[in-house]
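Here are a few exercises to work through with the viewer open. Try each task before reading its solution.

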Amino acid sequence: MTEHPPFAGLDRRQFLRRAAALAAAATGSSVLGACATSGGGGGGSPAKPKSNGRADAKNPFGVDPKAPLDVVIFKGGFSDEYAKYHEKMYQKRYPQAKVHHLGTQEITAQLQPRFVNGNPPDVIDNSGAQDLDTATLVNQGQLTELADLLEAPSWDTAGKKVEDTVVEGTFDPLTFDGKIYGLPYAFNINGLWHDAKLFGDNQWETPKTWDELMALGAKTKAKGIPLWTYQGQYPAYMLTVFNAMVQKHGGKEVLKNIDNLEDGAWQQQAVRDVAEAFFELKSKGYILPGTASLSHTQAQAAWLQRKAAIIPCGSWLKSEMKSQVPSDFEMTITPTPSLDDSDKFPYEAIPNTPTETFIVPSKAKNVPGGLEYLRIMLSKEGAQKFAELTYTLTVVKGAHEAQAQDPVLKSSLAALEAAQKVDRLDTPTYGTWYRPLTEEAEAAIGVLLTSKLDAKGFVDRVQRKADQVKKSNIKKFKR
């Protein structure tokens with residue numbers, strides 16, 4: 001891995017949270033968008049908690065060696081075996097500490113009451129369909145700022161601070177007003193996946209432009225195979241494709257205008273052009289029938305059964321579906337296609353960004369232990385075990401170069417290396433800053449791809465929501 005900044009991309013927690021949120025929106029309320037805690041206003045962290053441990057180079061946060069550690073992990077596509085390994089590393093250093101582990105997919109249901117009661121866990125993998133709203137937690141002072149973590153010595157790289165051992169830009173997605181409140185750990189690449197064997201058997205070329213993609217759709221349709229499927233119940237997967245194509249087509253300013261809630265940002269020409277392309281994908285009948293009703297795993301299973309040629313997804317795809325991958329299936333990831341010759345970015349630009357967010361609540365009983373757990377995760381040993389178990393890279397610089405690489409890791413690295421030779425895409429921030437806006441964009445893109453909404457209707461609908469958010473009392477951010 002290099003020190004190249006991460007590219008744009010939504011993560012799996014943003015994808016998987018959406019069905020419940022959209023269902024709530026349909027009834028006029030959104031539990032996930034509501035206040036996650038009982039705290040009052042005021043961003044930033046409270047005073048640092050006292051520690052019974054003695055701080056030194058080996059124990060920079062002053063961890064009490066006898067204090068219990070409470071860990072909650074989202075048990076989704078990555079499972080939680082990697083976390084159990086990290087916990088063993090913690091217990092090896094602090095053998096008197098008892099570690100309580102909970103693997104769950106119900107992050108909000110499990111943890112919202114604990115935040116309200118003032119007894120949150122010490123470290124949380126805040127991911128999945130029911131993740132807590134990070135911006136709300138930050139605004140209420142419920143998260144520990146991670147400046148001390150970055151300044152601490154690396155767990156297993158002598159002479160280096162933690163901040164020197166991670167890919168540049170790692171903490172950007174969890175930076176609020178210049179302060180860092182979370183660790184995005186998995187280095188995720190978002191793109192279009194195909195089966196290289198299926199393509200080779202049919203002499204199909206990987207499409208690099210939208211016209212080539214449409215031409216491929218005619219060929220796959222002639223073979224009785226729809227061109228495309230996606231995780232229909234979670235249209236955020238398609239919004240990530242949309243965001244990438246908009247920025248590649250129109251340039252960084254287009255996405256920056258959207259993030260900054262500039263007037264008419266969703267009605268910029270680049271946004272309209274990509275919306276028209278998506279409408280064409282639907283109009284030509286190139287999407288697998290019934291896709292809209294499929295969950296993420298159902299759509300991915302259909303693709304693995306070669307019922308569709310292409311599916312959008314992130315690096316976690318094999319980890320999530322490994323029990324269903326046919327032995328002759330050659331999973332390969334490629335960038336989104338260029339819309340036309342006027343694109344501001346070349347084809348090779350691909351969304352990739354640190355994801356799978358880990359946070360340390362400021363009111364946890366063992367904040368030093370939570371920080372120490374993150375330091376363990378950012379060790380080479382911890383990172384290599386994560387990649388071994390999940391087929392996904394981490395943000396730890398150079399940790400994976402010597403590892404025997406699965407074909408999916410090789411494909412991901414090839415795409416990443418090509419992308420690092422061109423100008424980088426910016427990371428969209430509106431999805432983190434303004435949840436009501438991103439939920440509306442996801443809902444609208446789902447209708448654009450499956451129902452009667454056309455391109456103009458899509459951009460007008462999302463622009464109305466952006467206008468509402470801009471006029472609301474939601475805290476605004478700029479980049």
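**Exercise 1. Three strands and their helices**

Task: Find out which strands helix H12 lies across, and at what angle it runs to S8. Then work out the strand order and the pairing of the sheet.

Solution: Start with the helix. H12 covers residues 296–304 and lies across S7, S8 and S9, running at about 130 degrees to S8. Keep in mind that this is a predicted model.

Next, look at H16, residues 407–419. This helix packs on the sheet too, touching S7 and S9, and its direction makes about 15 degrees with that of S9.

Now the sheet itself. The order is S8-S7-S9, the sheet is open, and its three strands pair in the antiparallel sense. At the edges you'll find S8 (311–313) and S9 (331–334), each pairing on one side only. Ignoring direction, neighbouring strands here are turned by 40 degrees against each other on average.

Last step: zoom in on one pairing. S7 (residues 191–195) and S8 run antiparallel and are joined by three bridges. Pick Trp-193, and you'll see that its bridge partner in S8 is Ile-311.

**Exercise 2. The five-stranded sheet**

Task: Lay out the order of the five strands in the open sheet, and explain why one side of S2 and one side of S6 is left without a neighbour in the sheet.

Solution: Read across the sheet and you get S2-S1-S3-S10-S6, with mixed pairing. S2 (99–104) and S6 (183–189) stand at the edges with a single partner strand each, so each has one side with no neighbour in the sheet. From one strand to the next, the twist averages 25 degrees.

For a parallel stretch, go to S1 and S3 (residues 123–125), which pair in that sense over two bridges. Val-71 has Val-123 as its bridge partner in S3.

Then add a helix. H14, residues 367–377, lies across S1, S3, S6 and S10 (352–359), and it runs at about 50 degrees to S1.

**Exercise 3. Into the cores**

Task: Which residues have the most contacts inside the largest nonpolar core? Pick Leu-378 and list what it is in contact with beyond four places in sequence.

Solution: The largest nonpolar core has 70 residues, and the ones with the most contacts inside it are Trp-193, Tyr-373, Leu-374 and Leu-378. You've already met Trp-193 as the bridge partner of Ile-311.

Now take Leu-378 and skip its neighbours within four places in sequence. What remains is contact with Leu-149, Val-162, Thr-165, Val-166, Leu-183, Tyr-185, Val-395 and Val-396. Another core, of 68 residues, lies apart from the largest one; among its members are Leu-111, Val-138, Leu-198 and Ala-270.

Zoom back out to the whole chain: buried residues make up 60% of its 479 residues. Of the contacts with a separation of 6 or more, 78% are between residues 24 or more positions apart.

**Exercise 4. Three residues, three environments**

Task: Are Thr-240, Ser-79 and Asp-177 buried, partly exposed or exposed?

Solution: Begin with Thr-240, which is in helix H9 (residues 236–250). The cut-off for buried is under 20% relative accessible area. Thr-240 has 5% relative accessibility, so it counts as buried. For a sense of the fold around it, measure to Gly-191: the two are 49 residues apart in sequence, and their C-alpha atoms are 8.6 Å apart.

Ser-79 comes next, in the loop between S1 (69–74) and H3 (81–93). Its relative accessible area is 26%, so it is partly exposed. Check the backbone too: phi is near 55 degrees, a positive value in a residue other than glycine.

Finish with Asp-177, in the loop between S4 (175–176) and S5 (179–180). With a relative accessible area of 61%, Asp-177 is exposed. Here as well phi is positive, about 50 degrees, although the residue is not a glycine.

**Exercise 5. Where is the confidence low?**

Task: Which residues have a pLDDT that stays under 50, and how many contacts does the model have for them beyond four places in sequence?

Solution: Take the average as your baseline: the chain has a pLDDT of 88, and 89% of the residues score at least 70. Then scan from the start of the chain. Over residues 1–10 pLDDT stays under 50, and the model has 58 contacts for them beyond four places in sequence. Residues 17–49 are also below 50, with 72 contacts in the model beyond near neighbours in sequence.

Conventions
Residues are numbered from 1 along each chain as its sequence is written. This is a predicted model: local features need pLDDT of at least 70, side-chain atom pairs count only at pLDDT 80 or more; totals for chains, interfaces and linings use all residues. Side-chain values use heavy atoms; hydrogens and water are left out. Buried means under 20% relative accessible area, exposed over 50%, partly exposed in between (1.4 Å probe, protein chains only). Contact means heavy atoms within 4.5 Å. A nonpolar core is a set of buried Ala, Val, Leu, Ile, Met, Phe, Trp, Tyr and Cys residues joined through side-chain atoms within 4.5 Å. Helices (H or I, at least four residues) and strands (E, at least two) are DSSP runs, numbered from the N terminus. pLDDT is the predictor's confidence in each residue, from 0 to 100. Two strands pair if DSSP finds at least two bridges between them. Axes are lines fitted to C-alpha atoms, for helices over the stretch in contact, and angles run from 0 to 180 degrees between N-to-C directions.
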